[in-house]
Amino acid sequence: MRKLLVIGIGAGNPDYITMQAVKALNLVDVFFLMDKGQDKDSLINLRRDICERYITDHDYRFVEAHSPERERGEVDYTTSVEDLNLAKQLTFERLINEEMTDEQCAGFLVWGDPALYDSTIRILQAILATGRCEFEFEVIPGITSVQALAARHKVPLNRIGRSIEITTGRRLAAGQVSEADSVVVMLDAQDAYRQVADPQTEIYWGAYLGTPDEILISGKLEEVADEIERVRKAARVANGWIMDTYLLRKP
């Protein structure tokens, strides 16, 4: 039976690769790479570099496919995500059926960890549910941007005996109220930290974590919010994309 490995490759630094991931890389015959456009070529190149660095005495190949994009603008967010995942499902199914044989092993290299704000696992489960494609798959965890953020700022994610929550910028911008003492925000395209009512809230912000382009800013919101917004906009223009994460901590 065909086997797929969903391998978490960490948040940008090749040194974040775990030994379990290295062993998994050396089992893969074909890697499926989702091309997200020229602006994000560096994300594809990092995946290639990781394979070159860690795979020894094993032949493998890459197969690239265009990654469908989510419809944006005045559309229902949940519906647009469901449509996106369906389009990815069809792409994944085609790759599995056409680009690997029954005795081969294929790999998806997932940024960060496959279990945190990534749809690869649920897409593969959806493919299996259709019955049109048979395979087994395994998930190898990776170091997330959340862990990398805390490590680079040299802070624990939680205070003793206190709660922590991981959420999205979309929910924070919509006025989400959390009882958690510490809140990690991911996928924020709207500078949602500006919605936080208490200006004394501490923020630990990081972009391109683990990469040569890494940027770190921390402090009280009232002191650093403008700087984060300015730096974030400039970095997005310079690189064509940005991946940032931040920790909010109540005073």
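**Figure 1. The β6-β7 pairing in the sheet of domain 2.** In this predicted model, T168 has M186 of β7 as its bridge partner. Strand β6 and strand β7 (residues 182-186) are parallel and are joined by five bridges. The sheet to which these strands belong is open and holds five strands, ordered β6-β7-β10-β8-β9, with mixed pairing. Its edges are formed by β6 (164-168) and β9 (215-220); each of these has a single partner strand, so one side of each is left without a neighbour in the sheet. On average, neighbouring strands here are turned by 15° against each other, direction ignored.

**Figure 2. Helices α5 and α7 against the mixed sheet.** Helix α5, made up of residues 145-153, lies across four strands, namely β7, β8 (202-207), β9 and β10 (244-249). The direction of α5 is at about 115° to β8. Helix α7 (residues 221-239) also packs on this sheet, where β8, β9 and β10 are the strands touched. Between the directions of α7 and β9 the angle is about 160°.

**Figure 3. The parallel sheet of five strands.** A second view shows an open sheet whose five strands follow the order β3-β2-β4-β1-β5, with parallel pairing. Strands β3 (61-66) and β5 (136-140) stand at the edges; because each has a single partner strand, one side of each is left without a neighbour in the sheet. Neighbouring strands of this sheet are turned against each other by 25° on average, direction ignored.

**Figure 4. Strands β1 and β4 with helix α4.** Six bridges pair strand β1 (residues 3-8) with strand β4 (residues 105-110) in the parallel sense. Within this pairing, I7 has L109 of β4 as its bridge partner. Helix α4, residues 120-130, packs on the sheet and touches β1, β4 and β5. The directions of α4 and β5 make an angle of about 170°.

**Figure 5. The interface between domain 1 and domain 2.** The protein is divided into domain 1, covering 3-140, and domain 2, covering 145-249. Their C-alpha centres are 26 Å apart. Contact across the interface involves 13 residues of domain 1 and 17 residues of domain 2. The size of an interface is often given as the accessible area lost when the parts come together. For these two domains, the area buried between them is about 1200 Å², of which 68% is on carbon and sulfur atoms. One residue pair is counted in polar contact between domain 1 and domain 2, both residues being at pLDDT 80 or more. The number of salt bridges found across this interface is zero.

**Figure 6. The salt bridge between E93 and R132.** In the whole structure, the search finds 14 salt bridges. One of them is formed by E93 and R132, with 2.8 Å between the closest N and O atoms. This pair links distant parts of the chain, the two residues being 39 residues apart. E93 belongs to helix α3 (residues 77-99), whereas R132 is in the loop between α4 and β5.

Key: Residues numbered from 1 in each chain as written. Predicted model: local features only at pLDDT ≥ 70, side-chain atom pairs only at ≥ 80, totals over all residues. Heavy atoms only, no water. Pairing = 2+ DSSP bridges. Axes fitted to C-alpha atoms, helices over the stretch in contact; angles between N-to-C directions. Contact = heavy atoms within 4.5 Å. Domains from an automatic or database assignment. Buried area = accessible area lost by both parts, 1.4 Å probe. Salt bridge = Lys/Arg side-chain N within 4 Å of Asp/Glu carboxyl O. Polar contact = N/O pair within 3.5 Å; in protein donor to acceptor, adjacent residues only side chain to side chain.
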